[in-house]
Amino acid sequence: MAIPAASMGPSALGQSGPGSMAPWCSVNSGPTRYVLGMQELFRGHSKTREFPAHSAKVHSVAWSCDGRRLASGSFDKTASVFLLEKDRLVKENNYRGHGDSVDQLCWHPSNPDLFVTASGDKTIRIWDVRTTKCIATVNTKGENINICWSPDGQTIAVGNKDDVVTFIDAKTHRSKAEEQFKFEVNEISWNNDNNMFFLTNGNGCINILSYPELKPVQSINAHPSNCICIKFDPMGKYFATGSADALVSLWDVDELVCVRCFSRLDWPVRTLSFSHDGKMLASASEDHFIDIAEVETGDKLWEVQCESPTFTVAWHPKRPLLAFACDDKDGKYDSSREAGTVKLFGLPNDS
């Protein structure tokens with residue numbers, strides 16, 4: 001059964017992860033032109049703004065493919081959708097219907113009007129922002145904790161707490177296949193070519209299946225402890241994994257080898273996101289900052305300060321804007337009350 005990252009302690013492993021002995025880890029010839037350019041940009045665009053979204057903590061944020069909307073899913077059993085206006089998010093609608101926490105959501109890869117939510121109520125729901133209606137409710141066998149939409153838009157995969165992954169036809173809303181795994185499944189994703197399916201697991205491995213056959217292709221020992229999250233870069237060159245050893249590993253998609261490790265976080269890595277150009281990688285944990293690294297060197301490009309653990313990060317698909325959500329408390333009235341806000345970093349300092 002998948003274990004929440006919040007229950008794991010800080011890393012005692014330091015640099016002992018995969019790839020840490022690579023020669024390029026010790027050689028540094030100074031910041032690249034890209035890093036200097038982005039640091040210059042963020043010096044003038046380092047503002048983070050908060051936007052009220054939910055009445056309880058936000059588990060998941062995601063941008064529509066055109067970048068016009070941001071969706072958030074919450075412990076309060078709802079999803080919210082915001083429109084991105086010049087330098088702010090404007091709440092468009094709240095989506096109600098789930099009977100339990102909305103743990104993860106994602107958008108259709110090419111249709112900016114459709115998104116899907118996974119919930120502990122044993123259903124997934126597909127929503128259309130044009131009608132603000134739920135266009136399909138699909139019953140599943142267990143409490144759902146992770147979800148992804150295939151790059152070709154035809155299939156939705158959903159994983160539950162019992163380590164079952166169900167593949168659902170996005171048009172007919174019927175189950176096409178179901179796989180029970182013997183290991184703890186944490187996060188799931190197709191590769192960009194849509195012909196392989198990746199799972200991170202509780203033993204620190206990345207399991208790769210062929211798609212649509214779902215036959216095992218390879219199992220990679222990625223980390224010495226629980227491998228929590230996985231993201232593919234939009235250029236199709238790399239994927240990244242984050243784990244309980246507080247390391248982020250960068251992998252070559254074609255060679256399936258680890259090319260680099262990022263080790264600035266001290267706590268289990270819960271969430272990752274590549275920027276639209278594939279050149280920046282945001283990673284976050286219970287550390288009170290989000291690390292932004294240059295992908296090609298692993299160098300620190302920026303860090304975004306936060307006051308509490310971060311649950312989810314998502315780069316905008318066209319601009320250097322980072323949406324995220326933390327375990328914030330509404331301290332004004334009651335320090336135990338969850339704030340339920342969505343945050344946006346990268347805004348002009350004078351906005």
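Q: Two strands pair if DSSP finds at least two bridges between them. With antiparallel pairing, what order do the four strands of the open sheet that includes strand 22 have?
A: The model is predicted. This sheet is open and has four strands, with antiparallel pairing. The edge strands are strand 22 (271–274) and strand 25 (300–305), and each pairs on one side only. From one strand to the next, the twist averages 20°. The order is 22-23-24-25.

Q: Which residue of strand 25 is the bridge partner of A293?
A: Strand 24 covers residues 289–294 and pairs with strand 25 in the antiparallel sense. Five bridges link these two strands. In strand 25, the bridge partner of A293 is K300.

Q: What angle does the direction of helix 1 make with that of strand 25?
A: Helix 1 spans residues 33–44 and packs on the sheet. There, helix 1 touches strand 23 (280–284), strand 24 and strand 25. The direction of helix 1 and that of strand 25 make an angle of about 25°.

Q: Is Y34 buried or exposed?
A: Y34 sits in helix 1. Residues that Y34 touches, beyond those up to four places away in sequence, include M280, E294 and L301. The cut-off for buried is under 20% relative accessible area. Y34 has 19% relative accessibility, so Y34 counts as buried.

Q: How far apart in space are the C-alpha atoms of Y34 and K279?
A: Along the chain, Y34 and K279 are 245 residues apart. Even so, Y34 touches K279, and D277 is also among the residues that Y34 touches. The separation of the Y34 and K279 C-alpha atoms is 8.6 Å.

Q: What is the order of the four strands in the open sheet with edge strands 2 and 5?
A: The pairing in this sheet is antiparallel. Strand 2 (58–63) and strand 5 (88–95) each pair on one side only. The twist averages 25° from one strand to the next. The strand order is 2-3-4-5.

Q: Which residue of strand 5 is the bridge partner of V81?
A: Strand 4 and strand 5 run antiparallel. Seven bridges join them. In strand 5, V81 has as its bridge partner N93.

Q: Which side chain makes a polar contact of 2.8 Å with the side chain of T78?
A: T78 lies in the loop between strand 3 (69–74) and strand 4 (79–85). One polar contact, of 3.1 Å, joins the side chains of T78 and H54. The contact of 2.8 Å is with the side chain of D76.

Q: What relative accessibility makes T78 count as buried?
A: T78 has contacts from beyond its neighbours up to four places away in sequence. Among them are H54, S72, Y95, R96 and V102. Buried means under 20% relative accessible area. T78 counts as buried because its relative accessibility is 4%.

Q: How much of the chain is strand over residues 220–254?
A: The UniProt annotation "repeat: WD", from an unreviewed entry, covers residues 51–92, 95–137 and 220–254. Over residues 220–254, the end C-alpha atoms are 14 Å apart. Helix makes up 0% of this stretch, and strand makes up 54%.

Q: What is the relative accessible area of the buried residue L256?
A: L256 is in the loop between strand 20 (248–252) and strand 21 (258–262). Leaving aside neighbours within four places in sequence, the contacts of L256 include F198, I208, I220, F239 and W251. L256 is buried because its relative accessible area is 14%.

Q: Why is C229 not bonded to the closest cysteine sulfur, in C227?
A: A disulfide is a covalent bond between the sulfur atoms of two cysteines. The cut-off for a disulfide is a sulfur pair within 2.5 Å. C229 is buried, at 2% relative accessibility. The sulfur of C229 is too far from that of C227 for a bond, the distance being 7.3 Å.

Q: How many disulfides does the structure hold?
A: C306 is in no disulfide, and the nearest cysteine sulfur, that of C326, is 4.3 Å away. C306 is buried, with a relative accessible area of 10%. For the whole structure, the number of disulfides is zero.

Q: What share of the residues in the protein is buried?
A: The secondary structure comes to one helix and 28 strands. Of the contacts with a separation of 6 or more, 47% are between residues 24 or more positions apart. Among the 351 residues in the protein, the buried share is 58%.

Methods: Residues numbered from 1 in each chain as written. Predicted model: local features only at pLDDT ≥ 70, side-chain atom pairs only at ≥ 80, totals over all residues. Heavy atoms only, no water. UniProt positions renumbered as here; feature names shortened; annotations may be inferred. Buried < 20%, exposed > 50% of the residue type's maximum accessible area, 1.4 Å probe, protein only. Contact = heavy atoms within 4.5 Å. Polar contact = N/O pair within 3.5 Å; in protein donor to acceptor, adjacent residues only side chain to side chain. Axes fitted to C-alpha atoms, helices over the stretch in contact; angles between N-to-C directions.
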